[in-house]
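The following exercises concern the packing of helices and strands in one protein chain. Please consult the sequence and the coordinates while working through each solution.

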Amino acid sequence: MADDRQRSVFLQDVPLQEARSRFEQALQDADLWKPLEPENIPLDQALGRISAEPIWAQISSPHYHAAAMDGYALQAAETEGASDRNPVELIVGPQAQYVDTGDPLPEWADSVIPIEDLEVLSDTPEPQEKSIRLMAPISPWSNVRLLGEDMVATELVIPSGHELRPVDLGAIAASGYDHVQVWRKPRVAIIPTGTELRAMGKPVKAGEIIEFNSLVLASQVESWGGLPDRLPIVLDELERIMDAAANAAIDHDLVLIIAGSSAGTEDFTADVVESLGTLLVHGIAVRPGHPVILGMIEKSSKGGPPRVDKSIPIIGVPGYPVSAALTGEIFVKPLLGRWLSKQEIQPEILTAKLARKVHSRAGDLEYLRVTVGQVGERWIASPLSRGAGVITSLVRADGIVEIPAGVQGIQAGEIVPVRLYRSRQELERTILALGSHDLTLDLLAQFLSLRGSRLSSGNLGSLGGLIALQRGEAHLAGSHLLDPETGEFNLPYIERYLPDVPVVVVRLVGREQGLILAPGNPKSITGLEDIARSDLAYVNRQRGAGTRILLDYQLQQLGIKPDSIRGYQHEEYTHLAVAAAVASGRADCGLAIHAAAAALKLDFLPLYKERYDLIIPKEHYESARLMPLLQLLGDSEFQETVASLPGYSTDSMGEVIAVME
């Protein structure tokens, strides 16, 4: 009965807004939708904390009339009429008194003349014999910090609900305090579950997974003002998980259980929540992040004695890394903000042209990760990998495009709002490269980051890159397209696809292409013709990729039909993805570059040499934005780093091969 009901709840796909409303209402009912209690802490521990009450000045600052400069305190009236021709002389003691910056002003004085604006006429051990000469008059209260110039006692210094900055701490101290009342930081327990999980840094084998979701969530919690507590991995056993959650509820404000939130035989989080309290939601119409669980651990648990003495929220976080991180943003961040009385800073949103068509599941709100670059006057958003397990898509993402529920996709060229992860200023110096994947682009990105520039690349294949240049969607494209008729690389394709776009073709590298094989070549593959064997599984590159075009050309030369190759339709978008397919055993071989095989310690059968060029529209080639990249191509350290990759040649790197008007 319970299993049927849980599956029913999961299949409801609760809309995000409704899920938020249920969760918020439960928190309000438990009197938890408000800031936590305040605490009084020393000022030197208060940076970044949120003030829980207004700060009223206890004393004025300064609390006396203070000299603002080194010099002599005097009465301004004594200097009246002073000039170069009619200087005024004052006797030190009765008419002038030396003061350092910050010294109290003598009660009889009303101004300070700086030491550099006067002449000392005598310098004897007896102060009464010293006098000073002034060549200009001074106004009353010149060079004096008046009592209360900064703040006056009883004046508001800092309002409540303010995130304390370094200057705020100084102002509070100046107003007479050494402690401040702030909202207590929420304590968040993070419980990773899964028999297959292994701690970071430990060796793993097939079927085992490095546990890092708790690290990501803990870092998010800390960045949002909470106190994360990463608890030990719990095996996939109902009672173990239930005990871990109940114990965590004793001294934490929020419990996060990672994984076990789907509907599999070892997914126990929903059972745990229901046993300890109330299951509010199991399954949200959001992707990534579909199997989220929202609930409340309550004072009295069902079917037994109370497990906890208070009600606290509990969230079942999906185990896929992207889903976990987005669940943190969607549910944990707003809750911590409420508990801390922290005003949410809305991310900047800009409108951009979508570079590639995307499909979306009807009925679900989708968070599409994109890279963003400014090409000319337009902003371009390029979709990244959409897998819920691809954590690097969040690392590379410049922003998020929300695809509303009910929308089945977005067409290429459509204008979309992008919620930015990075500042517009950072994006304005980004070089956007679309086209063929190459490891050299990753090295370019690393070297450019050290020079204050940034390269963002998207893997569309060589033809996709030329089409992106045709549409004005990139600053450059990497390409290695072999023309079967002429044997020339790239230039015939540029003439065909970019007839009206003036471009500069720059040589990047020479590369070695060949078959990536399992270690030891267990299938005894000796040449390309072997991929048609019935006992082999092949992994291909996507349509439009230069490697795919090279393969098709060579198959035609050998008289091999594509449909005779098992796995010809199995497509990957990068050389490293081809290598990963072979390393995992999903394929026996695939055509890719030598460096990809070496990266995963696989065998490599060299077959062809090719030229990989950068195709750069002339307007961008001559721009300041691309200057750091072009200069880097002549850098000896960069060239040596590229040349150290297996199968790469840096001969003539940076050479202009052609200027095509």
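**Exercise 1.** Which residues of β21 are buried on one side, and which on the other?

*Solution.* The model is a predicted one. Step one: on one side of β21, the residues Ile312, Ile314 and Gly316 are buried. Step two: on the other side, Pro313, Ile315 and Val317 are buried. Step three: both faces of β21 are thus covered, in agreement with the count of 6 buried residues out of 6 for this strand.

**Exercise 2.** Determine the place of β21 in its sheet and the sense in which β21 pairs with β17 and with β20.

*Solution.* Step one: the sheet is open, has 6 strands and follows the order β16-β13-β17-β21-β20-β18. Its pairing is mixed. Step two: the edges are formed by β16 (227-230) and β18 (277-282), each of which pairs on one side only. Neighbouring strands of the sheet are turned against each other by 20 degrees on average, direction ignored. Step three: β17 (residues 254-258) and β21 (residues 312-317) run parallel and are joined by 4 bridges; within β21, Val317 is the residue opposite Ile258. Step four: β20 pairs with β21 in the antiparallel sense over 5 bridges, and Leu294 stands opposite Ile315 in β21.

**Exercise 3.** Identify the strands on which helices α4 and α6 lie, and state how many residues of α6 are buried.

*Solution.* Step one: α4 (residues 213-223) lies across β13 (187-192), β16, β17 and β21. The direction of α4 is at about 165 degrees to β16. Step two: α6 packs on the sheet and touches β17, β18, β20 (293-297) and β21. Its direction makes about 140 degrees with that of β18. Step three: α6 is mostly covered, with 7 of its 8 residues buried. These are Thr269, Ala270, Asp271, Val272, Val273, Glu274 and Leu276.

**Exercise 4.** How are the axes of α5 and α6 related, and which residues make the contact?

*Solution.* Step one: the axes of α5 (residues 238-250) and α6 (residues 269-276) come within 9 Å and cross at roughly 50 degrees. Step two: α5 and α6 are therefore oblique to each other. Step three: the crossing in which α5 passes α6 is right-handed. Step four: α5 contributes Leu238, Ile241, Met242, Ala245 and Ala246 to the contact, while α6 contributes Asp271, Val272, Ser275 and Leu276. Step five: by class, the residues of this contact divide into 7 nonpolar, 1 polar and 1 charged.

Methods: Residues numbered from 1 in each chain as written. Predicted model: local features only at pLDDT ≥ 70, side-chain atom pairs only at ≥ 80, totals over all residues. Heavy atoms only, no water. Axes fitted to C-alpha atoms, helices over the stretch in contact; angles between N-to-C directions. Helix = DSSP H or I, 4+ residues; strand = E, 2+ residues; numbered from the N terminus. Parallel < 35°, antiparallel > 145°, perpendicular 65-115°, else oblique. Left-handed = near helix turned anticlockwise from the far one by under 90°. Contact = heavy atoms within 4.5 Å. Nonpolar A, V, L, I, M, F, W, Y, C, P; charged D, E, K, R; others polar. Pairing = 2+ DSSP bridges. Buried < 20%, exposed > 50% of the residue type's maximum accessible area, 1.4 Å probe, protein only.
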